[in-house]
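Open the structure in your viewer and get ready to select a few things by residue number. We will take the stops one at a time.

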Amino acid sequence: MGNVSEIFEFRDGLGRGAYAEVWRVTHRATGRDYACKSISKALIQKHGHGGLNAVSCEIENHLAVLGTASSSLARASSAVNAKSADAAFAADSTASAGLGGVGVIDFHMVVEDSTHIHLIMDVCE
């Protein structure tokens with residue numbers, strides 16, 4: 001588990017749902033903006049299996065967009081800490097280029113810390 005704020009600077013709040021908040025974040029190494037959906041582990045635990053099932057479905061829906069095509073996702077999401085996740089992300093920041101299209105949001109990585117599961121994806125302008 002790492003600290004997502006080592007990799008990204010949190011900027012503007014973009015939205016809020018039952019289990020998550022969405023933020024505009026800037027990747028510290030590249031300066032590129034993304035959206036970060038931060039899912040609260042406390043809220044998942046509070047709602048028991050119902051909350052876990054809802055969040056699992058939501059994560060699976062995000063992952064289904066890319067399938068297994070993105071090597072950066074596999075390496076970054078399996079990283080043990082934030083620094084190794086950041087290195088994998090920066091090295092493969094264009095790995096998913098071409099998978100999306102006009103109006104398609106690419107999913108880039110997952111970072112888990114002690115309180116949240118963070119899904120990093122393209123930000124809509």
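A residue is called buried when its relative accessible area is under 20%. Keep that cut-off in mind, and remember that you are looking at a predicted model.

**Stop 1: a pair of rings**

Select F8 and Y34 and show their side chains. Both residues are buried. There are 2 aromatic pairs to visit on this tour. F8 and Y34 form one that is edge-to-face, with 6.1 Å from centre to centre and 80 degrees between the planes. F8 belongs to strand β1 (residues 8-16) and Y34 to strand β3, 26 residues apart, so that the pair links distant parts of the chain.

**Stop 2: another pair of rings**

Now select F10 and W23. This aromatic pair is edge-to-face too, at 6.1 Å centre to centre with 75 degrees between the planes. F10 sits in strand β1 and W23 in strand β2, 13 residues apart. Are these rings buried or exposed? Neither word fits: F10 counts as partly exposed because its relative accessibility is 29%, and W23 is partly exposed because its relative accessible area is 25%.

**Stop 3: the whole sheet**

Zoom out and switch to a cartoon view. In what order do the strands of the sheet lie? Reading across, you find β1-β2-β3-β5-β4, an open sheet of 5 strands with antiparallel pairing. β1 and β4 are the edge strands, each pairing on one side only. On average, neighbouring strands are turned by 25 degrees against each other, direction ignored. As general background, strands of a sheet pair through backbone hydrogen bonds, either parallel or antiparallel.

**Stop 4: strand β3 and its neighbours**

Select residues 33-40, which make up β3. This strand is mostly covered, with 7 of its 8 residues buried. Add β2 (residues 20-27) to your selection: β2 and β3 run antiparallel and are joined by 7 bridges. To see one of the matches, pick T26 and look for its bridge partner, D33 in β3. Another place to look is R24, which stands opposite A35 in β3. Between the two strands of this hairpin are 5 residues, and G31 takes a positive phi near 80 degrees there.

Next, show β5 (residues 116-121). β3 and β5 pair in the antiparallel sense over 6 bridges. Pick S38 and you will find its bridge partner, H118, in β5.

**Stop 5: the hairpin of β4 and β5**

Select residues 107-112, which form β4. Of the 6 residues in β4, 5 are buried, leaving the strand mostly covered. How many residues lie between β4 and β5 in their hairpin? The count is 3. The two strands pair in the antiparallel sense over 5 bridges, and the bridge partner of V110 is L119 in β5.

**Stop 6: the nonpolar cores**

For the last stop, select Y19, A20, A35, I39, I44, F107, V110, I117, L119, M121 and V123. Together these 11 residues form the largest nonpolar core. β3, β4 and β5 each supply at least two of its residues, and the largest share, 3 residues, comes from β5. Another core, of 9 residues, lies apart from it; V4, I7, C36 and V111 are among its members. In soluble globular proteins, nonpolar side chains tend to be buried together.

Key. Residues are numbered from 1 along each chain as its sequence is written. This is a predicted model: local features need pLDDT of at least 70, side-chain atom pairs count only at pLDDT 80 or more; totals for chains, interfaces and linings use all residues. Side-chain values use heavy atoms; hydrogens and water are left out. Buried means under 20% relative accessible area, exposed over 50%, partly exposed in between (1.4 Å probe, protein chains only). Helices (H or I, at least four residues) and strands (E, at least two) are DSSP runs, numbered from the N terminus. Two strands pair if DSSP finds at least two bridges between them. Rings of Phe, Tyr and Trp (its six-membered ring) pair if their centres lie within 6.5 Å; planes under 30 degrees apart count as stacked, over 60 as edge-to-face and the rest as tilted. A nonpolar core is a set of buried Ala, Val, Leu, Ile, Met, Phe, Trp, Tyr and Cys residues joined through side-chain atoms within 4.5 Å. Axes are lines fitted to C-alpha atoms, for helices over the stretch in contact, and angles run from 0 to 180 degrees between N-to-C directions.
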